[in-house]
Each structure stands twice: as structure tokens, then as C-alpha cells.
Amino acid sequence: MSGLIFISHASQDQADVNSLMVALRHALKGRLRFFNTSSGDALSPGEDWRGELLGALDDADAVILWGTISALESKEVAFEIGAAAATHRYVIPCCVHISPDTLPWGLDDRQALKLDTEDGWIHLAERIAEVTRYPGKLELDSLRELARRFEAPDDALVIEALGYTVELKNRSQSRIDDIRVERADRHPLPTWAREFDVPTLAPEESVVMFRGHDEGERALCLSWSDVTGATRKRTVTVRATAGGDDR
């Protein structure tokens, strides 16, 4: 076996694919080679890119589809996956913040890996080890570290109250969007919540607000959209007492 892995991806995702290659090489202790058209040295000026691509596919033990929204819109990715199917290559669709149901090109009937959790990354390494007949123990530290960048935990958004200060924090490594604060009990929505206008938080970003002295304990419902497109909800209680913490 050659240990060659072909990675089909959109050019916009080159940095993430480079990180994937580094992590997989570490997992299999350097016993992998990769081919992708944006790796820098894959193709030289003047080369027959289609011939080189088809040759790499013919030599590959497996083809990884780095499936993102950009990849699904890429004509080059569509050609690569079509050529992989025509040459009966083993294709591993990896869904990066997309649903497996959205996979085109005849991949919707293949078992896809979702890279929104650590398990998906570990399963990917295990499949690569199997198809390349890697006999050793997998070193998964780099993959686990990379997985944390792509995870979407359901408790990513936290709210903490200290006295009359309220802090919203994104404790995940992914952006969260469309943050909303709504009432969760019979009390009216507090003034600070009605005036909240920070719908997006970057990874590890937080925002601090201040409450009025007439606003005591309140049960609030927080909702947001994570990087997978899923809507998350969490009910929290904010108290005016110093040191209050919803965690």
C-alpha cells in the first residue's frame, strides 16, 4: 500500500486542510503522503493538472472529502469526487459543519463522518489506518486538539452574574450567532436583556452589561445558532446577589 491520501477540498479551506494533514501525519507517525491541488507543491506551472490529478487518484488508498459549504459549491471538488467514483476510489465524506443529508454527487448514500465532535476525528484516523494497513498505535493528541477547534457544544454560551454586572461568554472554539435573550417565567424581560444587541460572539469572546437596581432574580432563556447551523437553547437564572453564577 502506498499510504497516499487524496484530499478534495475548496481552496477557501486550504488552511484547515493543512492542519488536518499535520494531525493525521502525527497520528500515523509520519507514514502518510497527501495530495491536494492547493498544497503548493502538488502541481508545477505548465503541468497537465488534470492528468496529475487523475494519476494521484489512481495511486490513492483513500479520498477524503473535506465537506464544507464552499466545497459543495466548487466545480473542482465536483470533478475530483466524480473522478474518484469513476475510478472506484474509497471516498470518506467528512461533514464540516454541514449535514450529511446535503452531500451531492452520489455521496448521500455513503456513511459520512461528522467532524463536530471528537469521535468523528478519531473515527477518521481509524479508517485511514485501516485502509493504509497501518500496524501501529494511533497518536491522537494532535487530532483531539484540532477537534476542539471545530466542536459545537450545546452549552457554549454561558451567563454569569456578579452583583449588578452580567457577562455573556462564548467558551467554545467556534463562533456563535443569532444570540437572543427571552423571558422564561412570568416576570417581564429585564431592561438589560431588552437592550441586548450583540448577536455574535467570536471564540472565547465575552460581553459585559449592567442591570438596574430594581431588577432582582429572573429566569431567562438564551438561544443561539452554532457553527453546525443548529439552534441551541438554555434556561438560566440571574440573581442580584454578589457572586451569583448560573454554572
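**Group meeting: the main pocket and the helix packing**

So, the largest pocket here has a volume of about 150 Å³. Before I go on, keep in mind that this is a predicted model.

Who lines that pocket? Going along the chain, we have His9, Ala10 and Ser11, then Thr37 and Ser38, then Trp49 and Leu53, and finally Ser74, Glu76, Phe79 and Glu80. By class, that lining splits into four nonpolar, five polar and two charged residues. Two helices each supply at least two of the lining residues: H2, which is 49–59, and H4, which is 75–86. Which one gives the largest share? That's H4, with three residues.

Okay, so how do H2 and H4 sit against each other? They pack at an angle of about 45°, and their axes are 10 Å apart. An angle like that makes H2 oblique to H4. The crossing of the two is right-handed. From the H2 side, the contact uses Trp49, Arg50, Leu53, Leu54 and Leu57, and from the H4 side it uses Phe79, Glu80, Ala83 and Ala84. Sort those residues by class and you get seven nonpolar, no polar and two charged. If some of the names sound familiar, Trp49, Leu53, Phe79 and Glu80 are also among the residues lining the pocket.

Now let's move over to H6, residues 141–150, and start with its packing against H1, residues 14–27. Their axes come within 8 Å and cross at roughly 150°. Because of that angle, H1 counts as roughly antiparallel to H6. On H1, look for Asp16, Ser19, Leu20, Ala23, Leu24, His26 and Ala27; on H6, they meet Ser142, Leu143, Leu146, Arg149 and Phe150. This contact divides into seven nonpolar, three polar and two charged residues.

H6 also packs with H5, residues 118–131. Here the angle is about 140° and the axes are 9 Å apart. So is that antiparallel or oblique? The cut-off for roughly antiparallel is over 145 degrees, so at this angle H5 is oblique to H6. As for handedness, H5 passes H6 in a right-handed crossing. The H5 residues are Glu118, Trp121, Ile122 and Ala125, and they meet Leu143, Arg144, Leu146, Ala147 and Phe150 of H6. That gives seven nonpolar, no polar and two charged.

One last thing to look at on screen: Leu143, Leu146 and Phe150 of H6 are in the contact with H1, and they turn up in the contact with H5 as well. That's what I have on the pocket and the helices.

Methods
Residues are numbered from 1 along each chain as its sequence is written. This is a predicted model: local features need pLDDT of at least 70, side-chain atom pairs count only at pLDDT 80 or more; totals for chains, interfaces and linings use all residues. Side-chain values use heavy atoms; hydrogens and water are left out. On a 1 Å grid over the protein atoms alone, a cavity is a set of points where a 1.4 Å probe fits but cannot get out, and a pocket is an open set with protein on both sides within 12 Å along at least five of seven lines; lining residues have an atom within 4 Å of a point. Grid points are joined across faces, edges and corners, and a volume is the space filled by probe spheres set on the points. Helices (H or I, at least four residues) and strands (E, at least two) are DSSP runs, numbered from the N terminus. Ala, Val, Leu, Ile, Met, Phe, Trp, Tyr, Cys and Pro count as nonpolar, Asp, Glu, Lys and Arg as charged, and the others, Gly among them, as polar. Axes are lines fitted to C-alpha atoms, for helices over the stretch in contact, and angles run from 0 to 180 degrees between N-to-C directions. Angles under 35 degrees count as roughly parallel, over 145 as roughly antiparallel, 65 to 115 as roughly perpendicular and the rest as oblique. A crossing is left-handed if the near helix is turned anticlockwise from the far one by less than a right angle, and right-handed if clockwise. Contact means heavy atoms within 4.5 Å.
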